[in-house]
Amino acid sequence: MSSGGGPDQRPPAVTLVPLRWWQLVEAAELERDVFDVDPWTPEMFWSELAAGPSRYYLAALVAGRIVGYAGLAVTDDEAYIQTVGVHPDLRGRGLGARLMIALLREARRRGARSCGLEVRTDNHAARALYARLGFVDIGMRRGYYQPSGGDAYVMRARPIDTVGYGAQLDAAWSALDERDAADAEPGRPDTPPGGTAASDGPAGGGGAAAPGVPASTFREGTG
Ligand SMILES: CC(C)(COP(=O)(O)OP(=O)(O)OC[C@H]1O[C@@H](n2cnc3c(N)ncnc32)[C@H](O)[C@@H]1OP(=O)(O)O)[C@@H](O)C(=O)NCCC(=O)NCCS
């Protein structure tokens, strides 16, 4: 948003693009900020993209820099969320939900009937995100995460190939659009004098937005 003659305070545009080979070093660097324990190594990212068409990875870009990523694997009619992460400064603005919805739409497009994932048992933010997208607990894997030995819940959304589930994803996406539009409106009550957004996180957002980081506008790109 413009502050009326001062520095440009417009929200950063976030773009989702396919993750490419040449972005893997940057993605692996972000991974270390995203995951406090058991981050993927660069080699793990490489082996994922090397797996070819069974994988679908997205990067979220702000001004050309990766601020989030997510990956999907699809085998026959089973999809699997390999990873999802958002830069700590940009959490609570719907970016994780956008990435998840984009993966789930791709899973549907490829004919998957269900989607599974593992999540650390103490990862309440991720579990809430997944639950909102229809994932339920179906089991637990003790010592799943290495080298930490952390336990994981196994979650699954099923069926995802129905008209109703597609409509649920569309509704969730539209709600994020509306929230972003509201956040970008000038004169919002939490916009301090001078126009700098002090806490432009989404209304009712699960994660606290970092002070001084403006809300995001959003578009999809082809990369
Ligand atoms: C999990 C993660 C990707 C979520 O990204 P995000 O951009 O902050 O998530 P969103 O803003 O899209 O939030 C979507 C929903 O998730 C839930 N959520 C997000 N952060 C939350 C928090 N801190 N506490 C509780 N719920 C939270 C809410 O239901 C939220 O919906 P709402 O905003 O309408 O309330 C992000 O926290 C992250 O990168 N965490 C570290 C990596 C990680 O744990 N990845 C998952 C591995 S299985």
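Which residues are buried in helix α1 (residues 24–34)? Select the helix to see them: Leu24, Ala27, Leu30, Glu31 and Val34 are the buried ones. They lie on the same side of α1, because the arc that they cover around the axis is only 115°. The model on display is a predicted one, and the tour below proceeds from the whole chain to its helix pairs and then to single residues.

**The whole chain**

Display the full chain as a cartoon. Five helices and eight strands are present, and their order along the sequence is β-α-α-β-β-β-α-β-α-β-β-α-β. The chain has 223 residues, of which 34% count as buried. Among contacts with a separation of 6 or more, 62% join residues 24 or more positions apart.

**Helix α1 and its partner α2**

Return to α1 and rotate the view to the other side of the helix, where Val25 and Arg32 are exposed. Next, show the elements that cover the buried residues of α1; these include α2 (42–50), β2 (55–62), β3 (65–75) and β4 (78–86).

Now isolate α1 together with α2. Their axes are 9 Å apart and the packing angle is about 130°; the two helices are therefore oblique to each other. The crossing is right-handed. To inspect the contact, select Leu24, Val25, Ala27 and Ala28 in α1, which meet Pro42, Phe45, Trp46 and Leu49 in α2. By class, this contact of α1 with α2 comprises eight nonpolar residues, with no polar and no charged ones.

Between α1 and α2, stop in the loop at Asp38. Its phi is near 55°, a positive value in a residue other than glycine. Asp38 has 13 other C-beta atoms within 10 Å and is therefore partly exposed.

**Strand β2 and the loop after β3**

Select Tyr56, which lies in strand β2. Is Tyr56 buried or exposed? Tyr56 counts as buried because it has 20 C-beta neighbours inside 10 Å, and 20 is the number at which a residue is classed as buried. Leaving aside neighbours within four places in sequence, Tyr56 is in contact with Leu72, Leu103 and Glu106. Add Pro18 to the selection: Tyr56 and Pro18 are 38 residues apart in sequence, and their C-alpha atoms are 7.6 Å apart in space.

Proceed to Asp76, in the loop between β3 and β4. Although Asp76 is not a glycine, it has a positive phi of about 50°. With 10 other C-beta atoms within 10 Å, Asp76 is exposed.

**Helices α3 and α5**

Select helix α3 (residues 95–109) and helix α5 (residues 163–184), whose axes come within 10 Å and cross at roughly 155°. α3 and α5 are therefore roughly antiparallel to each other, and their crossing is left-handed. Show side chains for Ala97, Arg98, Ile101, Leu104, Arg105 and Arg108 in α3, which meet Gly166, Leu169, Ala172, Trp173 and Leu176 in α5. The residues of this contact of α3 with α5 divide into seven nonpolar, one polar and three charged.

Centre the view on Arg108, in helix α3. Arg108 counts as partly exposed because it has 19 C-beta neighbours inside 10 Å. Beyond its neighbours within four places in sequence, Arg108 is in contact with Ile160, Asp161 and Gly166. A distance label between the C-alpha atoms of Arg108 and Ile160 should read 6.6 Å, although the two residues are 52 apart along the chain.

**Helix α4 and its surroundings**

Move to helix α4 (residues 124–132), in which Ala126, Leu129 and Tyr130 are buried. They lie on the same side of α4, because they cover an arc of only 95° around the axis. The face turned away from this buried side carries the exposed residues His124 and Ala128. Show α3, β5 (114–120) and β7 (152–157) to see what the buried residues of α4 pack against. Just after α4, select Gly134, where phi is positive at about 95°.

**Two cis peptide bonds**

Where is Pro147 found? Pro147 is in the loop between β6 (136–141) and β7. The peptide bond from Gln146 to Pro147 is cis, with omega near 10°.

Finish in the loop between β7 and α5, where Pro159 lies. Arg158 and Pro159 are joined by a cis peptide bond with omega of about -5°.

How values were computed
Residues are numbered from 1 along each chain as its sequence is written. This is a predicted model: local features need pLDDT of at least 70, side-chain atom pairs count only at pLDDT 80 or more; totals for chains, interfaces and linings use all residues. Helices (H or I, at least four residues) and strands (E, at least two) are DSSP runs, numbered from the N terminus. A residue is buried if 20 or more other C-beta atoms lie within 10 Å of its own, exposed if 12 or fewer, and partly exposed in between; C-beta atoms are placed from the backbone. Two residues are in contact if their C-beta atoms, placed from the backbone, lie within 7 Å. The arc is that of the directions from the helix axis to the C-beta atoms. Axes are lines fitted to C-alpha atoms, for helices over the stretch in contact, and angles run from 0 to 180 degrees between N-to-C directions. Angles under 35 degrees count as roughly parallel, over 145 as roughly antiparallel, 65 to 115 as roughly perpendicular and the rest as oblique. A crossing is left-handed if the near helix is turned anticlockwise from the far one by less than a right angle, and right-handed if clockwise. Ala, Val, Leu, Ile, Met, Phe, Trp, Tyr, Cys and Pro count as nonpolar, Asp, Glu, Lys and Arg as charged, and the others, Gly among them, as polar.
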